[in-house]
Amino acid sequence: MSQFQKKVELVRSEVIARDVVRLTFNAPEIATVALPGQFVMIQIGSGQDPLLRRPFSIHQTASSEGTLQILFKVVGRGTELLAHAKVGEQLSLLGPLGKGFVLGEPGKACLVGGGMGIAPMLFLASRFQQQSKKGVVPKVILGARNSEELLPLIGDFEALGLEVLAATDDGSLGHHGLVTDVLKSINLGPDFTVYSCGPRPMLAAIHHLCLKENIRCQVSVESLMACGMGACLGCAVPLKAGGYAHACSDGPVFEAGELLWSL
Amino acid sequence: MEPVKMKKDEVDLRVTIGSLELQNPVMTASGTFGYAREFEDFVDLRRLGAVVVKGISLAPRAGNPPPRIVETACGMLNAIGLENVGVDRFISDKMPYLSALGVPVIVNILGDSVDEYQQIAERLAGVQGVAAIEVNISCPNVKMGGVAFGTDPKMAAAVTTAVKQNCQVPVIVKLSPNVTDVTVVAKAVQEAGADAVSLINTLIGMAINLGSRRPRLANIIGGLSGPAIKPVALRMVYQVAQVVTIPIVGIGGITTAEDAMEFMLAGASAVQVGTANFVNPKASEDVVDGIAAYVREQQLDSVRDLIGALRVG
């Protein structure tokens, strides 16, 4: 395995929408080997409070420049502090961690991202786009609370030459409602694979839809975790077959059918 | 395996825990270092004093439902529920890698009856690469209504005797801090034949989400670890050092070499780095480097000069 603990420089900080921040790090070792769906653990501050690193899925990499991006919403003290990190600051990154998405045929892929679950979808989309023969690209469905949050992110997918089907909670952009409504409406064939990341209720709905339509589905799940590398065993994910997997080392991407959704 | 030899410019960091000789006093704490392989990209495992692996029970354990962890001020609570692969799979799947590392491997064991501890000790007896056994006595004794072995001197002694009689390697008993007087249990396990004690295990704690009015751990309560518990741990190591003659392994919030050496001054012959491994997977190796630098700088003959060298009065 190639995993690194590195002090890396924050080279860019962008406020994408209210409380939504994108950070770019110069982290060549990690960026070069990272795969879509993998994540990094970032140490926030230099002291003992907050003590633990925070996990972030990798939003995008530029191997040629050695940069790596994360995208997150300010939801607590850790993300609040990270949002205020200054360009030029050195932060400790650990990664790339976990198992990412298993990529199938680009033309038979449908990417569904909701809210900050859009973060890993851009990395996945760009990898699919690189692999695709001309014109055959994955379908992309993205959802968020409103247009303000979604619009800036859609631009990155469109820049890859991908068409995005949008859904917003308030109807300010695209479909007024859930990404699952859109997914249902496009009638994917059973030879498709859905790749998804977002809030748990969304993932559960997508899993159930895919199950009904007999479509393969991979989901990236979120969990509290301390180490990110399979040591603390804190990030237990209940399995359908009983027992637990660990989001950090067995995931964060799982075949949806392997997980227990009735919680 | 070849023991790591000291080079001319190297300082003397060697310590002994009973008959166990360590190249330096820094171990990894059970449950914070997996089965060591998880850390191979980040740490030169050969440089550690010893590796203490995740606690092993007789049968595999699935662990508790999530959420299992929560961050607290300068620390964290965990209620992992002793998830582990069980002793048989540990021996077949994990020991081959561990025994090839070239550092002493200390196997932490746990059970819910004296008989279970004894059976694990029997299975581990003679397994190549097992340098010592650390006995986690903070588990509930199911036959005695779930009272933790470690809170009752008689039960703690019974577990110690059962393990000691069934293995040839040194036995380290890991003490629970969730007692009125830790010295009573320390003395009891010493009399029962323990070769060393390690302390402290986690302090039982709790965290509540005001918004949802629910506990933050599915298990409601969990073990507090991290820098927050260091002063309590230091105090207990100091107290135990006054009453036992067997070596002490200090544990509790050790993040830096300075922390580690404070434990040695309080009476510890060795230390374990725990929660810090989660934040900095190289923490244990950094502590080794830091201790070496201090010993060199202070021109000590040996790191052993620090053990119990606290100046009081």
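1. A good place to start in this predicted model is helix H3 of chain B, which covers residues 153-164. Its twelve residues reach 16 Å from the first C-alpha to the last, close to the 16 Å expected at 1.5 Å a residue.

2. Which residues of H3(B) are buried? They are B:Met155, B:Ala156, B:Ala157, B:Val159, B:Thr160, B:Ala162, B:Val163 and B:Lys164. The cover over these buried residues includes helices H2 (114-124) and H4 (182-191) of chain B, together with strands S8 (130-136), S9 (140-141) and S11 (171-174) of chain B.

3. Strands S8 and S11 also belong to the barrel of chain B. This barrel is closed, has eight strands with parallel pairing, and runs S3-S4-S7-S8-S11-S12-S17-S18. On average, neighbouring strands of the sheet are turned by 25° against each other, direction ignored. For a detail to look up, take S11(B) and strand S12 (residues 196-199) of chain B, which pair in the parallel sense over three bridges. One residue to find there is B:Val173, whose bridge partner in S12(B) is B:Val197.

4. Is B:Glu134, in strand S8 of chain B, buried or exposed? B:Glu134 is buried, because 27 other C-beta atoms lie within 10 Å, and 20 or more are enough for that label. Leaving out residues up to four places away in sequence, B:Glu134 touches B:Ser30, B:Val52, B:Ile106, B:Asn108, B:Ile172, B:Lys174 and B:Ser198. With B:Ile172, the C-alpha atoms are 4.5 Å apart in space, while the two residues are 38 apart in sequence.

5. Two further helices of chain B are worth a look beside the barrel strands. Helix H6 (residues 257-266) of chain B packs on the sheet and touches strands S3 (26-28), S17 (248-251) and S18 (270-273) of chain B. The direction of H6(B) makes about 145° with that of S18(B). Helix H8 (residues 283-297) of chain B lies across S3 and S18 of chain B, and runs at about 175° to S3(B).

6. How far apart are the end C-alpha atoms of H8(B)? They are 21 Å apart, which agrees with the 21 Å that its 15 residues should span at 1.5 Å a residue. The buried residues of this helix are B:Ala283, B:Ser284, B:Glu285, B:Val287, B:Val288, B:Ile291 and B:Val295. Their cover includes S3, H6, S18 and H7 of chain B. Just after H8(B), please note B:Gln299, which takes a positive phi of about 50°.

7. Now to the meeting of the two chains, where the contact takes 29 residues from chain B and 25 residues from chain A. On the chain B side, strand S5 (69-72), strand S6 (75-78) and helix H7 (276-279) each supply at least two residues. By class, that side has 16 nonpolar, seven polar and six charged residues.

8. Finally, chain A is assigned domain 1 (4-97) and domain 2 (106-220). Their centres, taken over C-alpha atoms, are separated by 23 Å. The contact takes 15 residues from domain 1 of chain A and 13 residues from domain 2 of chain A. On the domain 1 side, strands S1 (4-17), S5 (60-62) and S6 (67-73) of chain A give two or more residues, and S6(A) has the largest share, four residues. That side of domain 1 has eight nonpolar, five polar and two charged residues.

Note on methods
Residues are numbered from 1 along each chain as its sequence is written. Chains are lettered from A and ligands numbered from 1 in the order in which they are written. This is a predicted model: local features need pLDDT of at least 70, side-chain atom pairs count only at pLDDT 80 or more; totals for chains, interfaces and linings use all residues. Domain bounds come from an automatic or database domain assignment. Two residues are in contact if their C-beta atoms, placed from the backbone, lie within 7 Å. Ala, Val, Leu, Ile, Met, Phe, Trp, Tyr, Cys and Pro count as nonpolar, Asp, Glu, Lys and Arg as charged, and the others, Gly among them, as polar. The expected span of a helix is 1.5 Å times one less than its number of residues. A residue is buried if 20 or more other C-beta atoms lie within 10 Å of its own, exposed if 12 or fewer, and partly exposed in between; C-beta atoms are placed from the backbone. Two strands pair if DSSP finds at least two bridges between them. Axes are lines fitted to C-alpha atoms, for helices over the stretch in contact, and angles run from 0 to 180 degrees between N-to-C directions.
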